[in-house]
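Hi everyone, thanks for coming. I'll put the model up and then we can walk through some side chains together.

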Amino acid sequence: MTIQFNPADLLAILPELVLLGATCAILLIDLFLKPSQRDITHWLSIAAIAVTSFLVWRGAPEVAQGVSAFNGMFKHDGISVVLKQFVLLTTGLSLFYARNYMRERSLLFGEFYLLILFATIGMMLLVSAGSLVTAYLGLELLALSSYALVALNRQSAISAEAAIKYFVLGALASGLLLYGMSMIYGTTGTLDLAAISAQVNQVEHRGWLAIGLVFIVSGVAFKLGAAPFHMWLPDVYHGAPTAIAVFIGSAAKVAAFGLLYRLLEGGLGPMSEHWTPMLALLSVLSLAVGNLFAIAQSNLKRMLAYSTISHIGFMLLGFVGGSPAGYSAAMFYIISYTMTATVAFGIIALLARAGFECEEIDDFKGLNQRSPWYAAIMGISMFSLAGVPPLFGFFAKLLVLKSAIDAGFLWLAIVAIIFAIIGIYYYLRVVKVMYFDAAADDAAVPLPADLPLRWVISLNGLALVVLGLAWGPLFDWCNRAFGV
Amino acid sequence: MTFELLCFYFFGTVAVVAALSVISVKNSVVAALCLVLTFFSMACVWLLAQAEFLGVALALVYVGAVMVLFLFVVMMLDVDFAPLREGFVRFLPVGVLVAVVMLVEMLMMIGVRTLQTPPSEDPAMLAGMSNLEWLGYTLFRDFILPFEIAALILTVGLIAAVTLNERKRSHTKLQNPSRQVMVKREDRVRLVKMAAEKKGEAAP
């Protein structure tokens, strides 16, 4: 017996290989750079992400019908193309938003870029997982890098606390996920997601399969931050340096969507009548917990964390139908959420200075007098999160609600609308503070000298308006990926 | 009931009881010894299932290397050496018990191996390969991608550990003996020339 090797496999995984090669090169180059030359690492990382994104785009037409490599371990299809593009885009955005913030706190180590790039490779592998093993390993690659990123600020006790909580609860979630996977492997006898999907209905021990399913749903809900598995989220967002919260709150959520889709629809699709009620329950709880607790927060990062929980609840609305149209709406929703959340976190990172975190809602008082442009961008982001037409977030909410109603979950859609209206209160409070409250001091906001940061965040904010007015092409792209 | 089944129940019971005592005993040295016993019993169970390589790897790597290191760490945590030495006599019965159970398991294992007939549906047997060869081919042919991702995870672990530990902490006060020795009088003592003052002198 010889080890056969198919060169076409390497072509399927080319973007990941290029990113990995670039990461290793950056790892070596960074060793020879002085701290003052860290900009080289910064631009090299952004170039690596841009090249990878280009390769994913170049390979997209060939993989439209789906390519399977490495004995089905790696699956590259339209869905993974969309998810990878947005993982890369949001990672690139968070690198832009991070540089100034990290430098002012002397946290701009080369390892910051390396960990982010390794996490990105993990996310790309995760969204193309064709087997339980690749899904788990991709997730661990992402999670381990994220734990270290949260703990990057050694001087801060609150960061250390957040990192420990993230690590312990993340390990627990991985344990739940692995336990569920072992149950499914035990009953179906295969690790391949497509083979599991084909065999699920012939299995004799349905009970064990159901137990495995419950563990998998709980593990993924932990990673997504859906209530009642949301406890880590506010502490981690609050404790992590803002620049890292941008990354964890955006790109990682896109990857978690990929995990949910690959495991539940890809592997356990024929059991959808069992997991849709679980997701509906998670959705209702997330909507309630997220929106009600966000009202009480005075810290903007914590408020955004609870808002994330409620948005995850909204995203799950697309899953309850168990149909491709619903998944497409859910994917559109998670993309819209991450694009909007990067703006909100990016503005916090932009306004922060050495010794001033700008993370309390009161810190935004009178921002309009001091910096009208960034107040407007933050306002757009808040309105989009609240779902005010004609912004990006409104159409995302509309589409998932429509998919839930089409699937016969009218009660769920009504609950979601009620909580969305409750949610508008706390988003509008930020707008009110910015526009109608008097600032503590009238001095103009000292803006960072980092021009790319200011340009990119402005473009990101305007994109919310543009995509709100012309959301059709993006939604078509999502639909094509799911073959709707 | 065959001898093989009997062995399985024995190894299984020992593994479960030892695993329970790992988390229930108060003394950490006893807990570590029980963990050794758990690993060893599980290695025997794997040998029973004809997974020789996994069984041997578990015994060699975990029992032989990792757990011994672990025991050292647990013992080092208590820096007070007098109680540690008197502990030797106190832990001797536990150590002897663990050793005796492991010996019994080894002897039973040798007994089983002579009686056991290889299962017919074993894929390694069907391919005419040894267990180890089969495992190697599976790992590097079917599971090459996960294998490489695992390597990436180890790299990230290394980078993360270095990142989190290599920073200079601002509040640590380190001594540098060579600099202390090299110090000269001029670095520490400063002679200041001052005009002598006279008492009761009137200002001009």
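So, in which helix of chain B is Leu92(B) found? That would be helix H4 of chain B. Keep in mind that we're looking at a predicted model here. Leu92(B) counts as partly exposed because its relative accessibility is 42%. And Leu92(B) has company: together with Phe10(B), Val96(B), Val100(B) and Val104(B), Leu92(B) forms a nonpolar patch on the surface. The five add up to about 370 Å² of accessible area. Helix H4, residues 81–115 of chain B, supplies the largest share of that patch, with 4 residues.

Okay, on to cysteines. How many disulfides are there over all chains? The count comes to 0. Take Cys7(B): the closest cysteine sulfur belongs to Cys44(B), and at 9.1 Å that is too far for a bond, given that the cut-off is 2.5 Å. Cys7(B) has 0% relative accessibility, so it counts as buried. Over in chain A, Cys478(A) is also at 0% relative accessibility and therefore counts as buried.

Now the rings. Over all chains we get 29 aromatic pairs. One of them is Phe222(A) with Phe229(A), a tilted pair at 5.3 Å centre to centre, with 40 degrees between the planes. Phe222(A) is buried, at a relative accessible area of 10%, while Phe229(A) counts as partly exposed at 22% relative accessibility. Another pair is Phe409(A) and Trp411(A), whose ring centres are 6.4 Å apart. Why do we call that pair tilted? Because the planes sit at 50 degrees, and tilted covers whatever is neither under 30 nor over 60 degrees. Phe409(A) is buried, with a relative accessible area of 17%, and Trp411(A) is partly exposed, with 48%.

If you zoom in elsewhere on chain A, you can pick out a cluster linked by ring pairs: Phe332(A), Phe392(A), Phe394(A), Phe395(A), Trp471(A) and Phe475(A).

There are charges over ring faces too. Lys397(A) lies over the face of Phe314(A), 4.8 Å from the ring centre. Arg105(A) does this with Tyr101(A), at 3.9 Å from the ring centre. Arg105(A) also forms a salt bridge with Glu104(A), where the closest N and O atoms are 3.9 Å apart. Is Arg105(A) buried or exposed? Arg105(A) counts as buried, at 15% relative accessibility, whereas Glu104(A) counts as partly exposed, at 32%.

Which brings me to salt bridges in general. Side chains of opposite charge can pair when their charged atoms come close. The count here comes to 14 over all chains. On helix H17 of chain A, residues 392–406, have a look at Lys402(A) and Asp406(A): they lie 4 residues apart, about one turn of the helix. Their side chains meet in a salt bridge at 3.2 Å, N to O. Asp406(A) counts as exposed, at 57% relative accessibility.

Chain B has one between Arg141(B) and Asp142(B), with an N to O distance of 3.2 Å. Asp142(B) counts as partly exposed because its relative accessibility is 24%. And to finish, which residues do salt bridges with shared partners join into one network? Those are Glu161(A), Lys165(A), Asp235(A) and Arg302(A).

That's my tour, thanks for listening.

Terms used. Residues are numbered from 1 along each chain as its sequence is written. Chains are lettered from A and ligands numbered from 1 in the order in which they are written. This is a predicted model: local features need pLDDT of at least 70, side-chain atom pairs count only at pLDDT 80 or more; totals for chains, interfaces and linings use all residues. Side-chain values use heavy atoms; hydrogens and water are left out. Patches are made of residues with over 30% relative accessible area and no salt bridge: like charges are joined within 9 Å, nonpolar side chains (Val, Leu, Ile, Met, Phe, Trp, Tyr) within 5 Å. Accessible areas come from the Shrake-Rupley method with a 1.4 Å probe; for residues, only the protein chains shown count as cover. A salt bridge is a side-chain nitrogen of Lys or Arg within 4 Å of a carboxyl oxygen of Asp or Glu. Helices (H or I, at least four residues) and strands (E, at least two) are DSSP runs, numbered from the N terminus. Buried means under 20% relative accessible area, exposed over 50%, partly exposed in between (1.4 Å probe, protein chains only). Rings of Phe, Tyr and Trp (its six-membered ring) pair if their centres lie within 6.5 Å; planes under 30 degrees apart count as stacked, over 60 as edge-to-face and the rest as tilted. A charge sits over a ring if NZ of Lys or CZ of Arg is within 6 Å of the ring centre and within 35 degrees of the ring normal.
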